[in-house]
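This briefing is meant for a reader who is meeting the structure for the first time. Please look over the sequence and the model before turning to the notes, which are grouped by topic.

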Amino acid sequence: MKVQGKRKIWHDYQKEIADDHYYYVRSCIRQNFFPASEYYFLKILKDVLGKDVFDDPKHTTCTGIGYHADIIPFETIQTVVARHFALMTEAGYKNFAVSCVTSFGIYSEITETWKEFPEELEKTRIALKKSTGREFKVPANITHTSDLIYKFKGDIAEKQVHELINKKTGKPLQIIEHVGCHYAKIFPSKGVGGAEFPNVLTGMIEEWGGEVVDYPERRHCCGFGFRQYLVQGNRGYSLANSKKKFESMKPYHPDAIICNCPGCTMFLDKWQYVLSETEGKTYGAYGSGIPVLTYEELAGLVLGYNPWDLGLQMHQVDSEPLLDKMGIEYDPEKKYLGKKDQYIGQPCNIVASL
Amino acid sequence: MIQLSMKKNILTIGGGVAGIEASNILAGMGYSVSIVEKEVTLGGKVNQWHKLFPDLRDASDINDYLKKRVKQPEIMVFTNTEITSVKKTDDGFYAKSNRAVGFEAHAILLATGFDVFKAERKEEYGYTIYDNVITSVDLEKQFKKGGAIHTTGGKTPKRVAFIHCVGSRDAKTGNHYCSKVCCVTGVKQAIELSHLLPDAEIFCFYMDLRMYGLEFEELYKSAQEKHNIQFIRGRLSEASENIDNTILIKCEDTLSGRPLKMNVDLVVLLVGMEAGSGTHAAGELCKLNFQENNFLACSDIHLGRNCSSREGIFLAGSCIGPMSIPETLDNARSAALEIHKFLSKN
Amino acid sequence: MKSLYNRLCEDVRFIEGIKACMNCGVCTAICPAAEFYDYDPRVIVNQVMQKDDTVIEGLLKSDTIWYCGQCMSCKTRCPRDNVPGLIISVLRKVSQELGYFTESKKGRQQLVVKRNVGDTILKYGYCVYPRTLKPELHPEQGPAWEWVYNHPHEVYERLNGNFEQEGAGTLRKTSPEVLGELKAIFDETGGTEFFEIIEKYSLEKAQKMGMATSDNNLDAYINHVQSQ
């Protein structure tokens, strides 16, 4: 494999990412399953990088999961999106930072639709005004929050406390990066590095000392499939897609998987658990799983934050093997404790964990 | 400045098959011709080929032919030279070059040819990234060099996939047109490869097989019957690299309506023709119209194939569109006649 | 009476998604649904291209259109700029508008989606909310999630969340005013009506299948369709 070829492609796909002053919209799945990731995203941007990010309680879900499961009309989601643009406009912002990758796809798809079909934009203006009295401007810049961490990866590297290196061997960690389908497959030019060889996560990983592993099913969907997961009877589809990826990546012995889509992170974590329970198969070393992290968790780890503050205890596949490799200290006793170090229960399988 | 006697002068930009053939005929008619060629040698792309479809004759036959054709006293050759400006004059045109030589011409012939599609633009195929993905041009070079065909790991390929329509018939690369000659090139190379790798399985992944020319269809038939080449109707969607450096290809077998995945040792991308950078540059300098597909526009696609959008500037060869060597020779000869018709009027 | 094909054409996503197919197969080649189901996006595009209402009606009533996972891998590759995934979205919409979705096993599952995600959106302002992800319905979420589900306030507090609280923050409570605006948008743009259509046709089908109680409780119907 010649990496220079990839670098040329990355050079050609330069996406415009705003520098500061972002209106932040949250992700349903990231909040449910990786809540600390959103907290630390804001913390890193504000406290570490000195940026202005507005966290508005008045926004809601974009309804993207419902939309892709075909229960939300296109007109409805356009108007919900327009409402968020109105809130952004009212708060005095022009740059829109999106936490969820499905949402990012939605905001991109709708703004592009409005360019191709201005009558849809007009209809939406009228609908929003009628239903909420609000008016909106289209953002000057729409980025996914992983684009921002990518953009500032150098600044983060300057404050890095831990490197993505295996302390025992001295070699870079072998990391699988998985980019959400709706990040770049819909509009390749809206993804850093395009759709085939995206650079948004590779850039971060390499900047912080790690090595990215390419494997045959890298571009394959994790299998969320919206209705294919939401409805019990369809879940085999979702599982099968993730399994395909695990089988493909296993020979490369990866140390971790990093995702920018919260859904992908959740599925690649949980389906490893299901496969170990139902088929006895595991994909990491020594019969364990491959830790799956959000890019915020990865950034947080390299900046030296406490893994349990970063929410790694909520993952099903244990991250401790990765933490050990990186030489990160953590207190196993405190993993499942509450804010005041009080006992708040623990997962029932703790004795025999992955 | 070059100005010869009372003869009419013609400036031919491009010293490949079209440029040399047209210039030879014009010289034979009594014109004085200057051929300006930006490369160090004449001959154009045929210099890179080993054997030609449909009969697998040596490409060097064409080289030899062109060498003879260009040896005329009325033809002056300027290699390693590029035209930098073209201005209209009372008699015709005046062109400057990047060397210390300018050209007065009563007519200009653009024979600036094609470039091969840069396969790295088709990112999902991994050219220049995955070791065992090569183009038909790369393979032809290997054939010409001679010797055994190996993967980059030094292995003898047991399974090879030829991929049709690379860079052509493709909204994503911006080339909607069919490049015509790549299909027969693929069939030819598959047959040649089957001689070098008698134990290998060789596949051609196609959408439509453009066997338009004399003996092309027969070549395809022979590929199937005598050389065991297998043809699968499905365009390559994606190539990725396995841990052992073999390539995983994904397409659909559209005739059976099923997705198909295969591990192969070598992938050969049949890359199409694009309007060359020389064609683009010369067309701009001469202020000519281009087609939507970036080749030069003729004044009438049925009746004026060698006339550009400007009087006195003529077109020959693949700067007009993808064409084979015999077609280029035909086209060059008719260009010479058009130029003669034009110059006889004045 | 509008033809089905014309109905599809009214949706800009259909206009955007269907140019003309050259049957190259690159979409089916990388479609996850084509890998795991008897599904072929290329064939579906060709069927729609016929503009034949009998064929289209067949699609709208079939399981076929419900296999797509909306990954949009097809959009990235199509050399004619078609988007099978978008065409599927429009087919699914029309299938529901006309009540045809209840004719297929997979189509009938739309009620499950509406009652989970749809109702969660209007009730909480989220598509997915901790309160709705019951471990017994999501065993795949594992013991880690079960722990969170049983101790949400403590776990989310530990991670600096604002679960079910007012103000900004992770998993904050969506205020009644905001939920009101969301509902107003749904009412204005046909979202509410669409939910009602899904319920209406599902009830009719459940009654036909003998899976509705006399007071229109659809639990038995839901139990049945979600496992198909």
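In chain C, which has 228 residues, buried residues make up 54% of the total. The model is a predicted one, and every value given in this briefing should be read with that in mind. The notes below begin with chain C, move on to its contact with chain A and to chain A itself, and end with chain B and the nonpolar core.

**Chain C: elements and extent**

- The secondary structure of chain C consists of 14 helices and 0 strands, so that, by the definition of helices and strands used here, the run of elements from the N terminus is α-α-α-α-α-α-α-α-α-α-α-α-α-α.
- Measured out along the principal axes, the C-alpha trace of chain C spans about 55 × 45 × 35 Å.
- When the contacts in chain C with a separation of 6 or more are considered, 56% of them are accounted for by residues 24 or more positions apart.

**Chain C: two domains**

- The domain assignment divides chain C into domain 1, covering 4-100, and domain 2, covering 107-225, and the C-alpha centres of these two domains lie 28 Å apart.
- Where the two domains of chain C meet, 5 residues of domain 1 are in contact with 5 residues of domain 2, and the side belonging to domain 1 is made up of 1 nonpolar, 3 polar and 1 charged residues.

**Chain C: the surroundings of C:Phe101**

- C:Phe101 is placed in the loop that runs between α8 (84-97) and α9 (110-124) of chain C.
- Is C:Phe101 buried or exposed? C:Phe101 is buried, because 28 other C-beta atoms lie within 10 Å, where 20 or more are enough for a residue to count as buried.
- Apart from its neighbours within four places in sequence, C:Phe101 is in contact with C:Ser95, C:Gln96, C:Gly107, C:Arg108, C:Gln110 and C:Tyr201.
- C:Ser62 is 39 residues away from C:Phe101 along the chain, and the C-alpha atoms of the two residues are separated by 7.8 Å.

**The contact between chain C and chain A**

- The contact between these chains takes 70 residues from chain C and 73 residues from chain A.
- Which helix gives the most to the side of chain C that touches chain A? Helix α12 (residues 176-189) of chain C does, with 9 residues.
- By class, the residues on the side of chain C that touches chain A divide into 30 nonpolar, 25 polar and 15 charged.

**Chain A: overall form**

- The secondary structure of chain A comes to 16 helices and 8 strands.
- Chain A has a radius of gyration of 20 Å, which is close to the 20 Å given by the globule rule for 354 residues, and chain A is therefore as compact as a globular protein of that length.
- Taken along the principal axes, the box filled by the C-alpha atoms of chain A is roughly 60 × 50 × 50 Å.
- Of the 354 residues in chain A, 58% are buried, and among its contacts between residues at least 6 apart in sequence, 76% join residues at least 24 apart.

**Chain B: two domains**

- Chain B is divided into domain 1 (9-113 + 276-345) and domain 2 (119-273), with 32 Å separating their centres, taken over C-alpha atoms.
- The contact between the domains of chain B takes 13 residues from domain 1 and 22 residues from domain 2, and the side of domain 1 that touches domain 2 has 6 nonpolar, 5 polar and 2 charged residues.

**Chain B: helix α3**

- In helix α3 of chain B, which covers residues 136-145, the residues B:Ser136, B:Leu139 and B:Glu140 are buried.
- Because the buried residues of α3(B) fall within an arc of 100° when seen down the helix axis, they line one face of the helix.
- The elements covering these buried residues include β11 (133-135), α4 (182-196) and β18 (266-271) of chain B.
- After α3(B) comes B:Gly146, whose phi is positive, near 85°.

**The largest nonpolar core**

- In soluble globular proteins, nonpolar side chains tend to be buried together.
- The largest nonpolar core has 282 residues, of which B:Leu109, B:Leu110, B:Val267 and B:Leu269 touch the most other members, while helix α5 (residues 74-90) of chain A supplies the largest share, 9 residues.
- Not counting residues up to four places away in sequence, B:Leu109 touches eight-membered surroundings that include B:Ile10, B:Thr12, B:Ile13, B:Ala22, B:Phe314, B:Ala316, B:Ala335 and B:Ile339.

Technical notes. Residues are numbered from 1 along each chain as its sequence is written. Chains are lettered from A and ligands numbered from 1 in the order in which they are written. This is a predicted model: local features need pLDDT of at least 70, side-chain atom pairs count only at pLDDT 80 or more; totals for chains, interfaces and linings use all residues. Helices (H or I, at least four residues) and strands (E, at least two) are DSSP runs, numbered from the N terminus. The radius of gyration is taken over C-alpha atoms; the globule rule is 2.2 Å times the number of residues to the power 0.38. A residue is buried if 20 or more other C-beta atoms lie within 10 Å of its own, exposed if 12 or fewer, and partly exposed in between; C-beta atoms are placed from the backbone. Two residues are in contact if their C-beta atoms, placed from the backbone, lie within 7 Å. Domain bounds come from an automatic or database domain assignment. Ala, Val, Leu, Ile, Met, Phe, Trp, Tyr, Cys and Pro count as nonpolar, Asp, Glu, Lys and Arg as charged, and the others, Gly among them, as polar. The arc is that of the directions from the helix axis to the C-beta atoms. A nonpolar core is a set of buried Ala, Val, Leu, Ile, Met, Phe, Trp, Tyr and Cys residues joined through C-beta atoms within 7 Å.
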